[in-house]
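Welcome to a short set of exercises with worked solutions. Have your viewer open and try each task before you read on.

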Amino acid sequence: MANREALRDLQSRLAERLQAARSQQATTSWLAVECAGRGLLLPLAQAGEIFSIVPLVAVPHTHDWFLGVANLRGGLFGVVDLARFLGIGAATEAGREQSRLVVFNLALEINCALLVDRLAGLRGQDQLTLEPADGQPRPPFAGERYRDGAGRAWQELNLAALATDESFTRIVG
């Protein structure tokens with residue numbers, strides 16, 4: 001029970017910081033999440049609300065990364081296992097306590113939520129160092145790579161580009 005309360009407190013603090021960070025335009029800010037052990041950065045301006053896991057309704061004949069649809073605050077949202085979509089792993093039932101659904105900002109006009117393994121807080125440009133380009137081909141929605149003070153690598157994902165990417169919007173497999 002204490003863990004659940006601590007997670008709710010963390011989520012509340014993150015929501016408050018998220019709102020405060022959105023009102024400050026001085027630096028780039030991201031919502032940091034983890035998927036299959038990898039650090040990902042979602043631009044705050046493109047991310048929406050964060051939800052705990054809710055029951056999903058499966059949709060037949062879709063890719064395995066499309067988990068189904070969920071009712072989030074009365075809206076119907078498609079739910080994507082982000083790690084599986086990116087080809088870096090898959091969400092497991094064992095770690096679902098910390099898993100969250102991060103919806104796209106309503107301005108992106110896509111009713112979609114990304115399943116992430118856990119929230120890792122907020123990151124600002126002043127906390128990260130830009131990594132040099134490695135020359136490897138990356139999808140159009142993969143932004144810059146960064147490293148934090150502890151040496152951990154972070155990959156930015158441009159949610160606006162992801163929302164229009166054909167491989168993401170074509171859920172039928």
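A residue counts as buried when its relative accessible area is under 20%, as exposed when that area is over 50%, and as partly exposed in between. Keep in mind that the model is predicted.

**Exercise 1. Is strand β11 mostly covered or mostly open, and which strands pair with it?**

Step 1. Find β11 at residues 153-157 and apply the cut-off: four of its five residues are buried, and the strand is mostly covered.

Step 2. Look for its partners. Strand β2, residues 38-43, pairs with β11 in the parallel sense over three bridges. Strand β10, residues 142-148, pairs with β11 in the antiparallel sense over four bridges.

Step 3. Check the register at Trp-154 in β11. Gly-39 stands opposite Trp-154, and Tyr-146 stands opposite Trp-154 too.

Step 4. Follow the chain from β10 to β11. Their hairpin has four residues between the strands, and Gly-151 takes a positive phi near 90 degrees there.

**Exercise 2. Locate His-61 and Glu-109, which have a positive phi although neither is a glycine, and describe their surroundings.**

Step 1. Recall the background: most residues other than glycine have a negative phi.

Step 2. Read the angles. The phi of His-61 is about 65 degrees, and that of Glu-109 is about 55 degrees.

Step 3. Place both residues. His-61 sits in the loop between β3 (47-52) and β4 (66-72). Glu-109 belongs to the loop between β6 (100-104) and β7 (112-116).

Step 4. Classify their accessibility. His-61 has a relative accessible area of 68%, so it is exposed. Glu-109 has 74% and is therefore exposed as well.

**Exercise 3. Which residues does Arg-138 touch, leaving out those up to four places away in sequence?**

Step 1. Start from its position, in the loop between β9 (128-130) and β10.

Step 2. Apply the cut-off: Arg-138 has 35% relative accessibility, so it counts as partly exposed.

Step 3. List the contacts, using heavy atoms within 4.5 Å. Arg-138 touches Gly-143, Glu-144, Arg-145 and Gln-155. To place Gln-155, recall that β11 covers residues 153-157.

**Exercise 4. How far apart are Ile-88 and Cys-35 in sequence and in space?**

Step 1. Locate Ile-88 in the loop between α2 (82-86) and β6.

Step 2. Compare the two separations: Ile-88 and Cys-35 are 53 residues apart in sequence and 8.0 Å apart in space, C-alpha to C-alpha.

Step 3. Add the contacts. Apart from neighbours within four places in sequence, Ile-88 is in contact with Cys-35, Ala-36, Arg-38 and Ala-83.

Step 4. Classify Ile-88. Its relative accessible area is 22%, so Ile-88 is partly exposed.

**Exercise 5. What does the radius of gyration say about the whole protein?**

Step 1. Set the expectation: with 173 residues, a compact globule would have a radius of gyration near 16 Å.

Step 2. Compare: the protein has 16 Å, which agrees.

Step 3. Fill in the picture. The C-alpha trace spans about 45 × 45 × 30 Å along its principal axes, and the secondary structure comes to four helices and eleven strands. Buried residues make up 42% of the 173 residues.

Step 4. Look at the contacts with a separation of 6 or more: residues 24 or more positions apart account for 58% of them.

Notes: Residues numbered from 1 in each chain as written. Predicted model: local features only at pLDDT ≥ 70, side-chain atom pairs only at ≥ 80, totals over all residues. Heavy atoms only, no water. Helix = DSSP H or I, 4+ residues; strand = E, 2+ residues; numbered from the N terminus. Rg over C-alpha atoms; globule rule 2.2 N^0.38 Å. Buried < 20%, exposed > 50% of the residue type's maximum accessible area, 1.4 Å probe, protein only. Pairing = 2+ DSSP bridges.
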